[in-house]
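User: I'm new to reading protein models. Could you walk me through some features, one by one?

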Amino acid sequence: MKDLIRKAFEARKNSYSPYSGFQVGAALQCEDGTVYTGCNVENAAYGPSNCAERTAIFKAVSEGKREFARIAIVGGHEGESVAPTPCGVCRQVMAEFCKPSFEVIMAVSEEEYEVMTLGELLPRGFTL
């Protein structure tokens with residue numbers, strides 16, 4: 001778990017967040033152990049912005065991965081760290097590709113984090 005959190009912190013360094021100043025990094029672990037990272041990428045029009053969680057998931061899906069075990073998420077403004085929860089859009093994207101038992105690790109540091117399942121974060125989520 002610490003290694004995944006560490007990778008999320010590394011990904012956070014690539015955040016492009018000139019509007020909110022809130023830098024987010026994510027590290028997604030596939031069932032086979034492969035890890036894909038992502039950061040948030042903002043846009044002046046706001047709508048075209050993309051969250052770190054979705055960046056990591058979309059990278060994995062674009063490489064043919066469809067089975068995921070867990071994701072670590074870190075964030076905060078410059079010089080701070082908070083344990084961010086995924087936004088509603090990210091939760092819905094997770095529901096498209098992940099089981100309700102998928103683990104979401106929301107970390108302040110490698111030692112301070114909370115783990116919840118997707119089912120806990122998105123009870124009765126919309127799926128087909």
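Analyst: Happy to help! This is a predicted model, and we'll go through its sheet, a ring pair and a buried charge.

User: Let's begin with the sheet. How do strands pair in general, and in what order do the five strands lie here?

Analyst: Strands of a sheet pair through backbone hydrogen bonds, and they can do so parallel or antiparallel. Here five strands make an open sheet in the order 2-1-3-4-5, with mixed pairing. Strand 2 (35-39) and strand 5 (113-117) stand at the edges with a single partner strand each, so one side of each lacks a neighbour in the sheet. From one strand to the next, the twist averages 20 degrees.

User: Which way do strand 3 and strand 4 run, and which way do strand 4 and strand 5 run?

Analyst: Strand 3 and strand 4 run parallel and are joined by five bridges. One of the residues to look for is Ile73, whose bridge partner in strand 4 is Met106. Strand 4 (residues 103-107) and strand 5 run antiparallel, also with five bridges. There, Ile105 has Val115 of strand 5 as its bridge partner.

User: How many residues of strand 4 are buried?

Analyst: Four of its five residues are buried, so strand 4 is largely enclosed by the rest of the structure.

User: Which strands does helix 2 lie across?

Analyst: Helix 2 (residues 52-62) lies across strand 1 (22-30), strand 2 and strand 3 (68-77), and it runs at about 140 degrees to strand 2.

User: Now the rings. How do I describe an aromatic pair?

Analyst: Two things describe it: the distance of the ring centres and the angle of the planes. The count here comes to one aromatic pair. The rings of Tyr19 and Tyr46 have centres 6.0 Å apart and planes at 65 degrees; an angle over 60 counts as edge-to-face, so that is the name for this pair. Tyr19 sits in the loop between helix 1 (2-12) and strand 1, while Tyr46 sits in the loop between strand 2 and helix 2, so to speak linking distant parts of the chain, 27 residues apart.

User: Is Tyr46 buried or exposed?

Analyst: Tyr46 is exposed, with a relative accessible area of 56%, whereas Tyr19, at 40%, counts as partly exposed.

User: Finally, the buried charge. Which side chain of opposite charge is nearest to Arg91?

Analyst: Find Arg91 in helix 3 (residues 88-97). Its nearest side chain of opposite charge is Glu53, 7.6 Å away, and Arg91 is buried yet has no salt bridge. Leaving aside residues up to four places away in sequence, Arg91 touches Thr85, Pro86, Leu118, Leu121 and Leu122.

Note on methods
Residues numbered from 1 in each chain as written. Predicted model: local features only at pLDDT ≥ 70, side-chain atom pairs only at ≥ 80, totals over all residues. Heavy atoms only, no water. Pairing = 2+ DSSP bridges. Helix = DSSP H or I, 4+ residues; strand = E, 2+ residues; numbered from the N terminus. Axes fitted to C-alpha atoms, helices over the stretch in contact; angles between N-to-C directions. Contact = heavy atoms within 4.5 Å. Phe/Tyr/Trp six-rings, centres within 6.5 Å; stacked < 30°, edge-to-face > 60°. Buried < 20%, exposed > 50% of the residue type's maximum accessible area, 1.4 Å probe, protein only. Lys, Arg positive; Asp, Glu negative; His and termini not counted. Salt bridge = Lys/Arg side-chain N within 4 Å of Asp/Glu carboxyl O.
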